[in-house]
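User: I'd like to talk through the packing in this model. Can you take my questions one at a time?

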Amino acid sequence: MDEHGEDVVWVHPSEVNKKYKKVKTVKEKGDDAGEWGDSVVVYLKSDLGSKEYISLVLSKLEDREDVVVKAKGQSINKLLMVTEKVRRSLEDIHTTLSTESTELQEYYLLKDKHFSPLQDLYPSIACHVISTTLCVRFSHEPLNTSHPGYQPPVSALQKMKRKKRK
């Protein structure tokens with residue numbers, strides 16, 4: 001039995017296959033609580049294209065000082081593309097990149113009750129999953145330059161490159 005009173009067998013996520021269906025996900029803990037304050041948070045998903053997200057972020061930055069964009073999984077590539085397009089579209093935009101982790105407990109049941117004689121012994125299985133999110137904060141105001149993921153505005157980077165050439 002687990003801490004939620006469930007009769008489960010704990011397995012590695014790679015052992016869950018098409019014979020099982022997910023019945024619930026319980027968020028255990030994460031490090032994302034309250035970090036973003038009054039910032040607008042945009043969750044990037046695969047339903048919209050990059051151009052739509054670029055337009056959305058640019059329009060939010062017209063009204064707000066800062067915007068946070070988050071992505072998980074395969075949407076992370078799209079987030080990086082959106083980040084670079086937004087940084088090059090706006091003259092003085094500061095960015096920081098960071099990650100958040102959330103621990104999840106996922107519970108599964110066999111899809112076919114007649115599939116396994118062990119169904120009565122093990123009514124459900126569970127796995128422990130850590131979900132990682134990439135977060136990008138865009139701000140018109142200077143951000144913490146000692147942050148490991150800080151990127152100065154593109155115009156400032158170009159000025160630094162010119163000074164190095166001279």
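User: Which residues does Valine 69 touch, not counting residues up to four places away in sequence?

Analyst: First, a caveat: this is a predicted model, where local features need pLDDT of at least 70, side-chain atom pairs count only at pLDDT 80 or more, and totals for chains, interfaces and linings use all residues. Numbering runs from 1 along each chain as its sequence is written, and side-chain values use heavy atoms, with hydrogens and water left out. Taking contact as heavy atoms within 4.5 Å, Valine 69 touches Val42, Leu44, Val57, Leu79, Leu134, Cys135, Val136 and Phe138.

User: Which element gives the largest share of the largest nonpolar core?

Analyst: A nonpolar core here is a set of buried (under 20% relative accessible area, 1.4 Å probe, protein chains only) Ala, Val, Leu, Ile, Met, Phe, Trp, Tyr and Cys residues joined through side-chain atoms within 4.5 Å. The largest one has 17 residues, and Val69 and Phe138 have the most contacts inside it. Elements giving two or more residues include strand S4 (66-72) and strand S6 (124-139), while the largest share, four residues, comes from H1. Helices are DSSP runs (H or I, at least four residues), as are strands (E, at least two), numbered from the N terminus.

User: So how are H1 and H2 oriented to each other?

Analyst: Helix H1 (residues 50-63) and helix H2 (residues 75-89) pack at about 45°, axes 9 Å apart. Axes are lines fitted to C-alpha atoms over the stretch in contact, with angles from 0 to 180 degrees between N-to-C directions. Angles under 35 degrees count as roughly parallel, over 145 as roughly antiparallel and 65 to 115 as roughly perpendicular, the rest being oblique. H1 and H2 are therefore oblique.

Conventions:
Buried < 20%, exposed > 50% of the residue type's maximum accessible area, 1.4 Å probe, protein only.
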